[in-house]
Amino acid sequence: MTTRQDIEDMIHRVALHDRGAFETLYSATSAKLFGIILRVLKDRAAAEEVLQEVYLRLWQGGAETFAAGKASPISWLATIARNRSIDRLRKKQTQQST
């Protein structure tokens, strides 16, 4: 079982571009984040794209913004996933109204 501390450590190592930590973080958290995204979007293909965006964002520097002690790491990741999902919905709604 992956602990809160394990996830925090992985996020910090991802900020240093540790590929192994990135793979482990993905394995430990992607199912939960995918579930959150899918609940918001209700579209499997779109949810897969947003999940990829979330992890790409982490790899490209987003992991550096994690502040241990302010929030649990899984809550922080879930918030990013949820916000990205909502952004996708808004973009879709804007495109449909034009």
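Reader: Which residues form one aromatic cluster here?

Author: That would be F22, Y26, Y55 and W59. Bear in mind that this is a predicted model. Four aromatic pairs turn up in the structure.

Reader: What makes F22 and Y55 an aromatic pair, and why is it called edge-to-face?

Author: Their centres are 6.2 Å apart, and rings pair if the centres lie within 6.5 Å. The planes sit at 85 degrees to each other; over 60 counts as edge-to-face, so the name fits.

Reader: Where in the chain do F22 and Y55 sit?

Author: F22 belongs to helix α2 and Y55 to helix α3 (residues 44-59). They are 33 residues apart, so the pair links distant parts of the chain.

Reader: How do you know whether F22 and Y55 are buried or exposed?

Author: Check the relative accessible area, where buried means under 20% and exposed over 50%. Y55 has 3%, so Y55 is buried. F22 has 22%, which falls in between, so F22 is partly exposed.

Reader: Why are α1 and α2 called oblique to each other?

Author: Helix α1 (residues 4-15) and helix α2 (residues 19-41) pack at about 140 degrees, their axes 8 Å apart. Roughly antiparallel needs an angle over 145, and roughly perpendicular runs from 65 to 115. The angle fits neither, therefore the two helices are oblique. Their crossing is left-handed.

Reader: Which residues of α1 and α2 meet?

Author: From α1 come I7, M10, I11, R13 and V14, and from α2 come A21, F22, T24, L25, A28 and T29. Sorted by class, this contact has eight nonpolar, two polar and one charged residues.

Note on methods. Residues are numbered from 1 along each chain as its sequence is written. This is a predicted model: local features need pLDDT of at least 70, side-chain atom pairs count only at pLDDT 80 or more; totals for chains, interfaces and linings use all residues. Side-chain values use heavy atoms; hydrogens and water are left out. Axes are lines fitted to C-alpha atoms, for helices over the stretch in contact, and angles run from 0 to 180 degrees between N-to-C directions. Helices (H or I, at least four residues) and strands (E, at least two) are DSSP runs, numbered from the N terminus. Angles under 35 degrees count as roughly parallel, over 145 as roughly antiparallel, 65 to 115 as roughly perpendicular and the rest as oblique. A crossing is left-handed if the near helix is turned anticlockwise from the far one by less than a right angle, and right-handed if clockwise. Contact means heavy atoms within 4.5 Å. Ala, Val, Leu, Ile, Met, Phe, Trp, Tyr, Cys and Pro count as nonpolar, Asp, Glu, Lys and Arg as charged, and the others, Gly among them, as polar. Rings of Phe, Tyr and Trp (its six-membered ring) pair if their centres lie within 6.5 Å; planes under 30 degrees apart count as stacked, over 60 as edge-to-face and the rest as tilted. Buried means under 20% relative accessible area, exposed over 50%, partly exposed in between (1.4 Å probe, protein chains only).
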